[in-house]
Amino acid sequence: MTQSEKDQLYNWHPYTQHKTVGLLPTIVKGEGALLWDDQGKEYIDAIASWWVNPFGHSNNAIAHAIYTQLTTLEHVLFGGFTHNKAVELSEKLLSMLPANQKKIFYSDNGSTAVEVGLKATLQYFYNKGVKRTKVIAFDDAFHGDTFGAMAASGITFYTEAFQGSMLEVTRIPVPTAGNETKSLEALETLVASEQYAAFIFEPLVQGAAGMVMYAPEVLDQMMALCQKHQVFTIADEVMTGFGKTGKTFASDYLTHKPDIICLSKALTGGTIPMAVTTFTQEVYDGFYNEDVNKALFHGHTFTANPTGCAAALASIQLLELPEMQQNISRINAHHLAFATKMQSHPKVKTTRVLGVIFALEIVTLEAESYYGTMRNKLYAFFIENGVILRPVGNIVYILPPYVMTNAQLEKVYSIVEAAVEMI
Ligand SMILES: Cc1ncc(COP(=O)(O)O)c(C=O)c1O
């Protein structure tokens, strides 16, 4: 039996209908932007393995930091103890984040980073005896798969089976070009009602919706409205963090800074699962009390795992290298040129670029569903041609590792162009 056959026998994969999907390639090796399967087939990882891996697969510097940490202190509980790497990483993150961020809370993945942010805002008001139990989020948002994160997420097929079991979230339109006023007006009505604890959003780019983009200016206006009415703002930078938008954080494009920021994915360069939720002093102070019941009662066994912290510190060092920053600008310039080229293609409805993120929408006669026929046809075409891309309906996006070479990028573009022709 092959590994892929055994996999089919034993494993249950995420977002996968096993009845129709068939055998999955067995990946045995990764290096830079490339992966290889057990048949020797090479793949270009053009989405950095779900956006986690900016510095390339099997990175030696991160591997070395992990090995050193594993053989010094692999793990210690973070309840009742601290350790050097958590202190070092928090100090480093706070020096990079917007200056209003003062406290770091560790967890394991993007969804838990969001849960912590949401829970903190709800409990903040509970601790004060104020009834603010609802949350505001955008249409088509994606914040993760745990219950709080799901409640905040608006892509319905991820969440429809669980409606009725979730936190109360009110959705507002995404302020894409032309929809700014509608979105601002909807937000203004809600924040004025004094029922909402928080407004959660993916700043500037909604990743899972298909890299849907909107301008920093309108988000700034939205943040100002929230601040005026004491509704906490939660920037979910799980996807956008660590350089993806061309700045270290998408929040760096904003004048008004969020109260809470969620980070994960690229935090450890795609090695150890880890996340942080960062807070202002004001949020933290809402829990700082003689009364133990006012503490934030949230924690995970692997909170602030030292090996994860060491991997994150090594990843941040890589991100800060001048050549890594040049890579981000280089990829952005290539994306812009490719967007200009594709924009005039009769089968292309629109293109968009921010930082290393590129997306194009293919013209369709009818609305394409997220995992519909066009998506499946495109996905199969990309895999057949050795490029890992996961289209969203009729949207093809590229989010490469920063180390992807120009030749690899050009190959990805040519396969995308061929796919547009083929469809
Ligand atoms: C913006 C955003 N938030 C949260 C998540 C959830 O992260 P995780 O899959 O690590 O739980 C994702 C995942 O894609 C995301 O894009």
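**Close-up views of a predicted model**

**View 1. Polar contacts hold our attention at the ligand.** An oxygen atom of the ligand sits 3.1 Å from an N or O atom in the side chain of Lys265. Taken alone, the ligand would expose 390 Å², and the protein buries 83% of that. Please keep in mind that this is a predicted model. At Asp236, a polar side-chain atom lies 2.6 Å from a nitrogen atom of the ligand. Gly110 takes part through its backbone: an N or O atom there is 2.9 Å from an oxygen atom of the ligand.

**View 2. The shell of residues around the ligand.** Let us step back to the residues that surround the ligand: Trp51, Asn109, Gly110, Ser111, Phe142, His143, Gly144, Glu202, Asp236, Val238, Met239 and Lys265. Sorted by character, this shell has four nonpolar, five polar and three charged residues.

**View 3. An open sheet of seven strands with mixed pairing.** Reading across the sheet, the order is E4-E12-E11-E10-E7-E5-E6. Strand E4 (101-107) and strand E6 (169-172) are at the edges and have a single partner strand each, so one side of each is left without a neighbour in the sheet. On average, neighbouring strands here are turned by 20° against each other, direction ignored.

**View 4. Two parallel strands, E10 and E11, in close-up.** Strand E10 (residues 232-236) pairs with strand E11 (residues 260-263) in the parallel sense, over three bridges. For a pair to look for, try Ala235, whose bridge partner in E11 is Ile261.

**View 5. Helices H6 and H10 against the strands.** Helix H6 (residues 110-128) packs on the seven-stranded sheet. The strands that H6 touches are E4, E5 (134-138), E7 (196-201), E10, E11 and E12 (275-280), and the direction of H6 makes about 30° with that of E12. Helix H10 (residues 216-228) lies across E5, E6, E7 and E10, and runs at about 165° to E7.

**View 6. An open sheet of three strands with antiparallel pairing.** Here the order is E13-E14-E16. The edges belong to strand E13 (348-354) and strand E16 (395-398); each has a single partner strand, so one side of each is left without a neighbour in the sheet. From one strand to the next, the twist averages 15°.

**View 7. The E13-E14 pair and the helix across the sheet.** Six bridges join E13 to strand E14 (residues 357-362) in the antiparallel sense. A handy place to zoom in is Val348, which stands opposite Ile362 in E14. Helix H15 (residues 406-422) lies across E13, E14 and E16, and runs at about 175° to E16.

Definitions and conventions: Residues numbered from 1 in each chain as written. Predicted model: local features only at pLDDT ≥ 70, side-chain atom pairs only at ≥ 80, totals over all residues. Heavy atoms only, no water. Pairing = 2+ DSSP bridges. Helix = DSSP H or I, 4+ residues; strand = E, 2+ residues; numbered from the N terminus. Axes fitted to C-alpha atoms, helices over the stretch in contact; angles between N-to-C directions. Contact = heavy atoms within 4.5 Å. Near = heavy atom within 4 Å. Polar contact = N/O pair within 3.5 Å; in protein donor to acceptor, adjacent residues only side chain to side chain. Areas by Shrake-Rupley, 256 points an atom, 1.4 Å probe, with all protein chains shown as cover. Nonpolar A, V, L, I, M, F, W, Y, C, P; charged D, E, K, R; others polar.
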